[in-house]
Amino acid sequence: MLSEGWKCFCCPQILKYPRRSVVAPIQHPPSEPEPAQPLPQTQHCSPPLPPRPVRPKRKKSDITLAAVVIIQTWFRRRRALYEMRRKTAWTIYQNIEYAGEQDQLKLYNFFLELMQAVTTNPHDAQVVAKVLRRNSSLTGLAEELDLKHLTTPEAITVESSYRGPHIHTPIHKGHFEALILAFQRGELLHAHYVLLILHELRHILKRLPNVNIVSTHQSRYVTVVGDLHGSLADLMVIFHKNGLPSNENPYIFNGDIVDRGFQSMEVFLLISVAVIVYPNNVYLNRGNHEDHVLNLRYGFMKEIIYKYKSHATRLLRLFENIYSWLPIASLIDDHIFVAHGGISDITDLNKINEIKRQKYISVLSPNFIIPANEDQFQISSISDEVLLEWRQILDLLWSDPKQADGCEPNTYRGGGCYWGPDVTEKILQKHNWTLLIRSHECKEEGFGYSHDKKVLTIFSASNYYAVGSNRGAYVKIITNQPPIIIQFMATRATHKTLTLWERVSYVEDQAIQNLAEKFSVNKSRLMKEFALVDPGNTGRISVNAWCDIVSHVLDLQLPWRTLRARLVDTDISGMVIYESTFRSKELRFTSNISTNARRESLCQAIYRNKDLLETVFRAIDKDNSGVISMQEFTEVCSFLGKHNGSKLDEKQIMDLAASIDLNKNGVIDFNEFLEAFRIVDVGDRFQN
């Protein structure tokens with residue numbers, strides 16, 4: 001007989017699968033041979049052939065399931081990589097942004113220390129006061145008359161060549177719609193009409209309480225909009241999706257209307273006109289950027305000077321006064337509190353209502369530090385009651401929530417506090433509130449809940465850090481219903497729609513470029529620290545040492561180990577080749593200029609402090625002309641000379657000014673100011 005592994009063509013087709021294991025053949029006892037049957041002449045037995053293994057047919061459902069598993073595995077890995085890259089880029093952006101706010105507060109503290117050092121001459125203190133606060137020393141009715149005289153619209157004539165929109169009182173809905181169309185076309189509103197609108201707004205704001213009382217019983221809902229930061233595109237998207245403000249469609253704009261974006265003027269004017277036309281249904285809260293100290297650095301002052309040139313002084317003076325009259329919070333239906341920053345463990349609605357908010361021309365420069373009357377100037381002890389009042393408004397505008405319990409100073413931003421879930425529970429129970437809506441903090445999805453959904457953050461400026469970096473959002477509060485959040489992203493017609501991966505890659509690249517600037521301007525300091533841990537001058541240090549040095553010098557708490565592959569090369573042993581930090585492709589744009597070591601260090605120092613220098617420059621430029629006059633330069637130099645003990649006479653100061661005035665036109669522009677600037681690095685001096 002043929003074994004079961006073989007078959008004959010004449011035998012029936014019986015499929016038997018080969019066994020996996022090899023089994024020894026069983027010895028059978030011999031048996032009688034059967035008589036052979038004669039085969040037909042036409043049939044022949046072929047030699048036995050090995051069987052062809054036949055696989056069982058897989059079901060279609062099994063194939064589909066296997067494909068789904070493979071796709072899911074790939075997607076999850078891709079998604080995890082996307083999430084890691086997104087979080088890294090987000091961390092870079094936030095660290096750089098908050099570091100800038102800390103620098104601004106450090107600059108404010110620097111000026112404050114200068115003023116505190118002068119206790120004998122009130123006039124010298126007033127010089128610094130003009131940097132910290134730019135309001136007049138007049139009080140009461142005299143200040144009001146002085147402001148109206150300086151900022152009256154009648155002082156500016158509308159030229160016959162002007163082709164933009166015309167505004168007249170009373171301002172109505174038609175003016176509002178005309179401004180929207182004009183700003184969408186890129187037209188600039190004449191300074192005469194800007195002053196007219198701002199005065200009408202100020203007249204309304206002065207009648208409002210510190211906390212807006214908002215009701216949804218008649219309109220059934222109200223829309224809360226977060227930070228816009230000069231983004232006209234985002235405001236237009238909100239109006240398109242949610243409808244224009246009206247008595248039937250009320251709005252609350254929760255601060256930070258200006259700064260960062262280059263259309264802050266247009267955004268502020270549109271919201272102002274909406275408040276004027278619908279004073280009982282459009283509300284505007286003050287944000288931390290409605291403060292001239294921050295406008296000095298973050299762009300709004302620069303925007304006004306660029307757009308309105310000779311009229312900039314009038315506009316800036318009026319804006320600073322309007323900031324002080326903005327309400328600092330809103331209360332919806334007595335149970336939803338809306339403030340720009342948040343709360344703290346001392347937040348008290350009764351005390352907030354008693355604050356004379358118009359005193360706070362700048363929240364960072366309160367009047368108890370710089371009195372209105374320079375003859376009464378004294379640096380003395382400040383009462384707890386006065387400090388408590390200041391803390392109330394400071395915390396409302398600057399604070400951020402945290403996950404842990406407690407309340408502590410907000411060292412990350414440099415102002416306000418961090419408050420935890422226990423503080424939220426305490427303050428909400430104390431006032432019978434159910435929800436706190438705040439802004440102040442960019443969120444990737446445009447919104448974010450915290451503290452068991454009792455705190456809602458709304459951020460309405462999409463593409464805040466870079467194109468595709470984040471969505472914007474606004475929230476609709478409907479009577480007796482949970483909040484409805486609407487997300488959006490403003491895009492230009494010239495921009496193609498990006499895939500998720502393309503958007504993350506673009507945001508990450510922009511973040512790395514911003515980080516690369518930090519490396520380039522701190523090269524000399526970094527190289528000095530690298531050399532200290534590399535006494536053998538091998539050009540290599542450990543990864544731990546590289547991360548520690550970069551974190552310390554740049555003062556940025558970032559995942560440096562994750563970023564290392566994008567910023568520096570390593571050898572086969574894993575040691576960091578630290579000079580490659582400045583040869584990476586992200587940093588090559590800084591290496592086209594060959595300079596000696598001293599010049600390179602100076603340029604890096606100036607570029608590193610460029611934002612602060614620009615802030616100082618605009619502070620000295622009291623008339624906001626864009627240049628420093630000889631009188632302005634003389635006054636500041638005289639004060640600084642008295643402070644540090646190096647007295648300069650008028651001739652020496654004029655000679656110094658003449659040497660800075662390179663083109664000899666009688667004024668000092670910003671480029672000349674940078675060229676003349678010399679930085680003495682205290683750390684370098686101690687090392688030398």
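This briefing walks through the overall make-up, nonpolar cores, salt bridges and one small sheet of the structure above. Please keep in mind that the model is predicted. The protein chain has 688 residues, and 49% of them count as buried. Its secondary structure comprises 23 helices and 19 strands.

**Overall picture**

- Among contacts in the protein chain with a separation of 6 or more, 73% come from residues 24 or more positions apart.
- The protein chain has an accessible surface of about 36,500 Å², and carbon and sulfur atoms account for 54% of that area.

**Nonpolar cores**

- As background, nonpolar side chains tend to be buried together in soluble globular proteins.
- Here, the largest nonpolar core has 63 residues, and the members touching the most others are Leu189, Ile197, Leu198, Phe253, Met265, Phe268 and Leu270.
- The element that gives the most to this core is helix α7, spanning residues 264-277, with eleven residues.
- Leu270 is worth selecting in your viewer: leaving aside residues up to four places away in sequence, Leu270 touches Phe176, Leu179, Ile180 and Phe183, and also Leu232, Leu235 and Met236.
- Another core, of 29 residues, lies apart from the largest one, and its members include Ile355, Leu364, Leu394 and Trp398.

**Salt bridges**

- Across the whole structure, a search finds 19 salt bridges. Three of them are described below.
- Lys206 and Glu144 meet through their side chains in a salt bridge, at 3.3 Å from N to O. Because Lys206 sits in the loop between α5 (191-205) and β1 (211-214) while Glu144 belongs to helix α3 (residues 140-151), the pair ties together parts that are 62 residues apart in sequence.
- The two partners differ in their surroundings: Lys206 counts as partly exposed, at 34% relative accessibility, whereas Glu144 is buried, at 18% relative accessible area.
- This pair also has company, as Glu144, Lys148, Arg202 and Lys206 are linked in a network of salt bridges.
- Lys307 and Glu266 form a salt bridge between their side chains, at 2.9 Å from N to O. Lys307 is in helix α9 (residues 300-308) and Glu266 is in helix α7, so this contact ties together parts that are 41 residues apart in sequence.
- Both residues of that pair, Lys307 and Glu266, are buried. Their helix α7 partner thus comes from the helix that gives the most to the largest core.
- Glu389 and Lys359 make a salt bridge in which the closest N and O atoms are 3.0 Å apart. Glu389 lies in helix α12 (residues 384-398) and Lys359 in the loop between α11 (349-354) and α12, so parts that are 30 residues apart in sequence are tied together.
- Glu389 is partly exposed, with 22% relative accessible area, and Lys359 also counts as partly exposed, at 29% relative accessibility.

**A three-stranded sheet**

- Three strands make up an open sheet with mixed pairing, in the order β7-β9-β8.
- The edges are taken by β7 (400-401) and β8 (407-409); each has a single partner strand, so one side of each is left without a neighbour in the sheet.
- The pairing of β7 with strand β9 (residues 417-419) is parallel and runs over two bridges.
- To find this pairing in the model, look at Pro401, whose bridge partner in β9 is Trp419.

Conventions
Residues are numbered from 1 along each chain as its sequence is written. This is a predicted model: local features need pLDDT of at least 70, side-chain atom pairs count only at pLDDT 80 or more; totals for chains, interfaces and linings use all residues. Side-chain values use heavy atoms; hydrogens and water are left out. A nonpolar core is a set of buried Ala, Val, Leu, Ile, Met, Phe, Trp, Tyr and Cys residues joined through side-chain atoms within 4.5 Å. Buried means under 20% relative accessible area, exposed over 50%, partly exposed in between (1.4 Å probe, protein chains only). Helices (H or I, at least four residues) and strands (E, at least two) are DSSP runs, numbered from the N terminus. Contact means heavy atoms within 4.5 Å. A salt bridge is a side-chain nitrogen of Lys or Arg within 4 Å of a carboxyl oxygen of Asp or Glu. Accessible areas come from the Shrake-Rupley method with a 1.4 Å probe; for residues, only the protein chains shown count as cover. Two strands pair if DSSP finds at least two bridges between them.
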